[in-house]
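Subject: Structure handover

Hello,

Here is the structure I promised to pass on. Please open it beside this email and follow along.

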Amino acid sequence: MFDPEEGVREAVEEIRRKVGKRKAIIAVSGGVDSMTAAALAKMAGVNFEGFFVDTGFLRKNEEKRVREACEKVGIPIKIIDAREKFLSALEGVSDPEKKRKKIGGLFIKVFEKEAKSYGAEVLIQGTIAPDWIESGGMGRDTIKSHHNVGGLPKRMKMELCEPLREYYKHEVREMAKFLGLPSYVYERQPFPGPGLAIRVVGKITREKVEIVREACAIVEEEIDRAVKEGKMERPWQYFAALLPVKTVGVAGDERIYKWTVVVRAVGSLDGMTANFVYLPKEVMQNISTRITNEIRSVGRVVYDITNKPPGTIEYE
């Protein structure tokens with residue numbers, strides 16, 4: 001049985017040992033992993049500042065949510081608008097591993113610049129066990145490089161501190177709850193570090209990023225509403241991805257040729273394995289209708305019924 005109090009104690013000791021009296025910065029995304037890492041740093045009493053990088057690949061209204069969450073728990077946060085830098089670098093890239101590694105490399109460049117101005121020598125990250133397990137190394141196959149592991153440059157100028165490295169998502173949630181973080185943080189579904197870049201399957205364009213951002217928002221809104229109304233239990237993760245496929249449809253008496261969005265919802269304990277979730281028919285219908293009505297460039301919505309394995313939860 002996992003003891004969150006013991007986990008917090010060990011993580012705090014790790015931060016104090018790694019950081020000491022030096023300054024540190026933390027990559028805060030608003031998700032449970034990075035928010036827990038920041039809360040642990042605060043408990044450890046080290047000198048740190050949180051940085052939130054808007055990459056242009058984030059969920060709708062994410063900056064506002066992150067700012068509010070950090071203010072509520074007293075985490076110092078600086079917002080960095082790097083949308084143009086990331087979008088320009090990723091536009092036209094189609095290979096999933098290149099996407100992840102480009103994003104990881106850009107993250108570090110941004111943080112090294114901020115670290116220099118802040119005088120930080122240590123980068124604290126909310127890396128958890130599945131991140132480094134799936135990123136390969138030590139005789140393991142690379143399933144997919146997580147941007148905070150496989151995407152890191154070999155000659156990084158800051159020392160890395162990963163207090164949650166040996167823990168799984170459900171354990172981190174328990175630690176977050178123990179630390180007093182609000183429920184909307186520790187109950188929040190996982191979101192990939194590379195963000196919407198890996199939910200645009202294939203070549204990235206700015207138009208596609210906006211399509212998938214809106215589609216993800218609709219999926220989250222409809223499932224959250226159904227959960228609140230007691231129509232279903234909350235899945236581990238639920239989102240939309242844009243496939244590199246256009247299909248023929250009809251609008252009135254006219255032929256249309258538009259993009260295809262795939263919806264995915266899975267149940268899991270730690271993200272290492274997962275089963276697809278049977279969504280209520282009404283929820284699926286609402287999602288499909290809203291996506292095709294509100295996103296005019298999408299003409300078809302499909303639902304993914306693949307488990308992990310053989311599929312991964314995300315598409316890239």
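Contact here means heavy atoms within 4.5 Å. Keep that cut-off in mind for what follows. Also remember that this is a predicted model.

**Asp-54**

Start with Asp-54. It is found in strand 2, which covers residues 47–54. Is Asp-54 buried or exposed? Asp-54 is buried, because its relative accessible area is 12% and the cut-off for buried is under 20%. Now look at what touches it. Set aside the neighbours within four places in sequence. Asp-54 is then in contact with Glu-63, Ile-80, Asp-81, Ala-82 and Arg-83.

**Asn-61**

Move along the chain to Asn-61. This residue lies in the loop between strand 2 and helix 3 (62–73). Asn-61 is exposed, with a relative accessible area of 51%. Its backbone deserves a look too. Most residues other than glycine have a negative phi. Phi of Asn-61 is near 60°, so the value is positive in a residue that is not glycine.

**Arg-213**

Next, find Arg-213 in helix 9 (residues 206–228). Arg-213 is buried, and its relative accessible area is 13%. Which residues does Arg-213 contact, leaving aside neighbours within four places in sequence? They are Gly-56, Phe-57, Leu-58, Arg-59, Lys-60 and Leu-196. Take Leu-58 from that list. Along the chain, Arg-213 and Leu-58 are 155 residues apart. Their C-alpha atoms are separated by 7.6 Å.

**Ser-288**

Ser-288 gives another pair to check. It is found in helix 10 (residues 281–294). Ser-288 counts as partly exposed, at 25% relative accessibility. Its partner in the pair is Val-219, 69 residues apart along the chain. The two C-alpha atoms are separated by 9.0 Å.

**Two helix pairs**

Now for helix packing. Two packed helices are described by the angle between their axes and the distance between the axes.

Take helix 2 (residues 32–44) and helix 7 (residues 169–178). They pack at an angle of about 45°, and their axes are 10 Å apart. Helix 2 and helix 7 are therefore oblique to each other. The crossing of helix 2 past helix 7 is left-handed. Which residues meet there? Helix 2 brings Val-32, Asp-33, Thr-36 and Leu-40. Helix 7 brings Lys-169, Val-172, Arg-173, Met-175 and Ala-176. Sorted by class, this contact of helix 2 with helix 7 has five nonpolar, one polar and three charged residues.

The other pair is helix 4 (residues 83–90) and helix 5 (residues 96–118). The angle between them is about 150°, with axes 10 Å apart. How are helix 4 and helix 5 placed, roughly parallel or roughly antiparallel? Angles over 145 degrees count as roughly antiparallel, so helix 4 and helix 5 are roughly antiparallel to each other. Helix 4 passes helix 5 in a right-handed crossing. On the helix 4 side, the contact is made by Lys-85, Phe-86, Ala-89 and Leu-90. On the helix 5 side are Lys-99, Lys-102, Ile-103, Leu-106, Phe-107 and Val-110. By class, the contact of helix 4 with helix 5 has seven nonpolar, no polar and three charged residues.

**Cysteines**

How many disulfides does the structure hold? The count is zero. Look at Cys-70 to see why. The closest cysteine sulfur to that of Cys-70 is in Cys-161, 18 Å away, which is too far for a bond. A disulfide needs the two sulfur atoms within 2.5 Å. Both residues are out of reach of solvent by the same scale used above: Cys-70 is buried, with a relative accessible area of 0%, and Cys-161 is buried, also at 0%.

**Two cis peptide bonds**

Finish in the segment after strand 9 (298–303), where Pro-309 is found. Pro-310 lies in that segment as well. Most peptide bonds are trans. The bond from Lys-308 to Pro-309 is cis, with omega near -10°. A cis peptide bond also joins Pro-309 and Pro-310, and there omega is about 15°.

That is the full handover. Please try to find each of these places in the viewer.

Best wishes

Key:
Residues numbered from 1 in each chain as written. Predicted model: local features only at pLDDT ≥ 70, side-chain atom pairs only at ≥ 80, totals over all residues. Heavy atoms only, no water. Buried < 20%, exposed > 50% of the residue type's maximum accessible area, 1.4 Å probe, protein only. Axes fitted to C-alpha atoms, helices over the stretch in contact; angles between N-to-C directions. Helix = DSSP H or I, 4+ residues; strand = E, 2+ residues; numbered from the N terminus. Parallel < 35°, antiparallel > 145°, perpendicular 65-115°, else oblique. Left-handed = near helix turned anticlockwise from the far one by under 90°. Nonpolar A, V, L, I, M, F, W, Y, C, P; charged D, E, K, R; others polar.
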